[in-house]
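Here's a quick walk through one protein model, starting from a single residue and working outwards. Have the structure open and follow along.

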Amino acid sequence: MNSYDVAVIGSGPGGYVAAIRCAQLGMKTAIIEKYSTLGGTCLNVGCIPSKALLDSSHHYEEAIKHFDTHGIEISGDVKVNLEKMIARKQAVVDQTTGGIDFLMKKNKIDVYEGLGSFKDATHVNIAKNDGATEEIEAKNIIIATGSKPSNLPFINLDKERIITSTEALKLKEVPKHMLVIGGGVIGLELGQVYKRLGAEVTVIEFMDRIIAGMDAGLSKELTKVLKKQKIKFNTSHKVKSVERVGDEVIVKADNKNGEEVEFKGDYCLVSVGRRPYTDGLNAEAAGVKLDDRGRVEVNGHLQTNVSNIYAIGDVVKGAMLAHKASEEGSMVAEIIAGQKPHIDYNLIPGVVYTWPEVAAVGKTEQELKDAGIAYKSGQFPMRALGRSRASMDLDGFIKILADEKTDEILGVHMIGARAADLIAEAVVAMEYRASAEDIARMSHAHPTFAEAIKEAALAATEDRALHV
Ligand code: FAD
């Protein structure tokens with residue numbers, strides 16, 4: 001039987017990063033993955049393929065809507081070849097997952113393909129896909145088994161017409177009318193992909209606003225912009241039934257007045273969140289406790305109730321984000337190696353990759369109000385930037401919230417072109433506990449979208465933005 005210092009179960013951005021960091025720190029490491037490709041949800045059916053399709057569909061939309069204004073004339077039709085678009089997406093995925101194979105070899109990590117399940121607290125059985133089984137022993141075990149799409153109890157996901165994000169990433173045709181249940185990140189990103197490719201898109205959301213976890217100002221602006229792009233929104237709608245009749249999908253929901261509303265489409269994307277995944281793990285054999293929501297229970301050191309077993313990523317509490325999983329992967333490896341790492345969960349940024357992009361870090365206005373913290377707010381519209389006019393990306397704003405007395409930046413909320421990249425400046429500033437005045441006094445290259453961060457900081461400090 002092979003013995004290891006650490007065995008990692010699951011090879012998503014949590015698991016594979018944990019394995020690399022363990023190997024870097026000199027530990028003999030194994031990783032177990034039930035699928036034949038490494039990389040987990042993020043690389044195979046999450047972050048990477050969705051961004052590949054967002055980019056392809058963005059190019060198409062630019063060509064049909066904006067090239068003319070830029071003085072680029074196309075002779076003949078611009079057409080979508082969905083099969084080719086999906087194949088390009090798959091090529092990006094394959095290249096990226098192949099990169100993880102390379103990293104495992106480079107770091108001398110043993111990769112086991114098969115379902116890992118606990119025999120006890122130091123032994124894992126691996127049920128291989130060819131029917132064989134193997135047992136390994138490890139002093140420490142990291143559970144990184146991730147998450148799967150959630151569903152509503154009354155919905156029968158047939159995976160053809162009533163689908164999750166996984167199927168939406170490989171459709172064979174552009175839907176005529178896609179119904180999207182859930183106005184969160186995944187539903188909006190994939191909804192926008194198919195809207196750009198020609199589908200009618202109707203979002204049905206239970207809460208009274210989309211991206212309900214983010215600052216209300218961002219929800220409002222994103223709704224406004226996506227409505228201009230002709231995506232339809234039905235907030236405060238409680239879905240009661242989803243039925244497939246031939247090639248049609250009928251969704252019935254109660255609106256906020258309790259009246260029944262019916263929606264008809266040819267595809268229905270169910271994007272109502274994700275659930276932690278521990279199926280087949282046999283956590284009970286090791287005595288590992290799950291909480292009431294099916295997540296592996298961990299303490300502040302990501303340690304389970306069994307001292308040599310840790311858990312990270314989507315399978316534990318906190319934001320279900322790839323970069324949060326990766327930070328936890330590094331942290332656990334360093335803890336096992338005897339170091340004292342730390343993650344500031346307040347500084348994990350959240351991003352929506354629609355166009356315009358939405359990104360945020362720190363506290364929302366509502367959170368500051370609820371906590372009774374007095375704050376100042378400075379906001380700057382993207383349309384006031386020369387850079388935005390040059391690229392015709394006029395929608396959105398950047399808002400900085402700073403402590404009323406100390407001026408420390410407490411939250412940054414942005415919607416606009418390249419917000420996903422711009423948010424890194426806010427994370428750095430907040431990590432070093434910068435004041436709004438600090439940012440206001442830093443030189444930002446001109447013309448850039450980042451100038452809006454400086455202007456918002458100027459607005460937050462004595463209302464002295466220069467270009468509004
Ligand atoms: P996962 O990536 O889910 O990996 C877990 C792995 O464990 C899987 O490969 C699974 O097969 C394996 N596994 C499970 N049980 C066992 C077992 N018993 N034995 C062996 N292997 C097992 N996040 C972002 O930050 N940015 C984005 O842009 C983004 N976009 C997304 C788009 C979509 C459509 C989706 C669905 C998700 C997106 N996410 C995004 C979320 C992101 O994918 C997850 O937060 C991230 O993958 C979590 O990483 P993880 O390592 O915890 O788990």
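I181 sits in strand β9, which covers residues 177-181. Keep in mind that this is a predicted model. Is I181 buried or exposed? It has 25 C-beta neighbours inside 10 Å, and the cut-off for calling a residue buried is 20 or more, so I181 counts as buried.

Who are its partners? Leaving out residues up to four places away in sequence, I181 touches I204, V239, V251, C268, V270, S271 and V272. If you want to trace a link across the chain, try E205: its C-alpha atom is 6.2 Å from that of I181, although 24 residues separate the two along the chain.

Now zoom out to the domains. The domain assignment splits the protein like this:

| Domain | Residues |
|---|---|
| domain 1 | 2-148 + 275-337 |
| domain 2 | 162-272 |
| domain 3 | 350-462 |

Let's look at how domain 2 meets domain 3. Their C-alpha centres lie 29 Å apart. The contact draws on 13 residues of domain 2 and 16 residues of domain 3. On the domain 2 side, which elements give two or more residues? Those are α6 (185-196) and α7 (216-228). Of what domain 2 puts into this contact, α7 gives the most, with six residues. As for chemistry, the domain 2 side that touches domain 3 is made up of eight nonpolar, two polar and three charged residues.

There's also a database annotation to set beside this. An unreviewed UniProt entry lists residues 4-329 as "domain: FAD/NAD(P)-binding". Over residues 4-329, the chain is 31% helix and 26% strand, and the C-alpha atoms at the two ends of that stretch are 17 Å apart.

Finally, the whole protein. Its secondary structure adds up to 14 helices and 22 strands. The radius of gyration is 24 Å, close to the 23 Å that the globule rule gives for 468 residues, so the protein is as compact as a globular protein of that length. Along its principal axes, the C-alpha trace spans about 65 × 60 × 50 Å. Buried residues account for 46% of the 468 residues, and I181, where we started, counts as one of the buried ones. Of the contacts between residues at least 6 apart in sequence, 64% join residues at least 24 apart.

Key: Residues numbered from 1 in each chain as written. Predicted model: local features only at pLDDT ≥ 70, side-chain atom pairs only at ≥ 80, totals over all residues. Helix = DSSP H or I, 4+ residues; strand = E, 2+ residues; numbered from the N terminus. Rg over C-alpha atoms; globule rule 2.2 N^0.38 Å. Buried ≥ 20, exposed ≤ 12 C-beta atoms within 10 Å, placed from the backbone. Contact = placed C-beta atoms within 7 Å. Domains from an automatic or database assignment. Nonpolar A, V, L, I, M, F, W, Y, C, P; charged D, E, K, R; others polar. UniProt positions renumbered as here; feature names shortened; annotations may be inferred.
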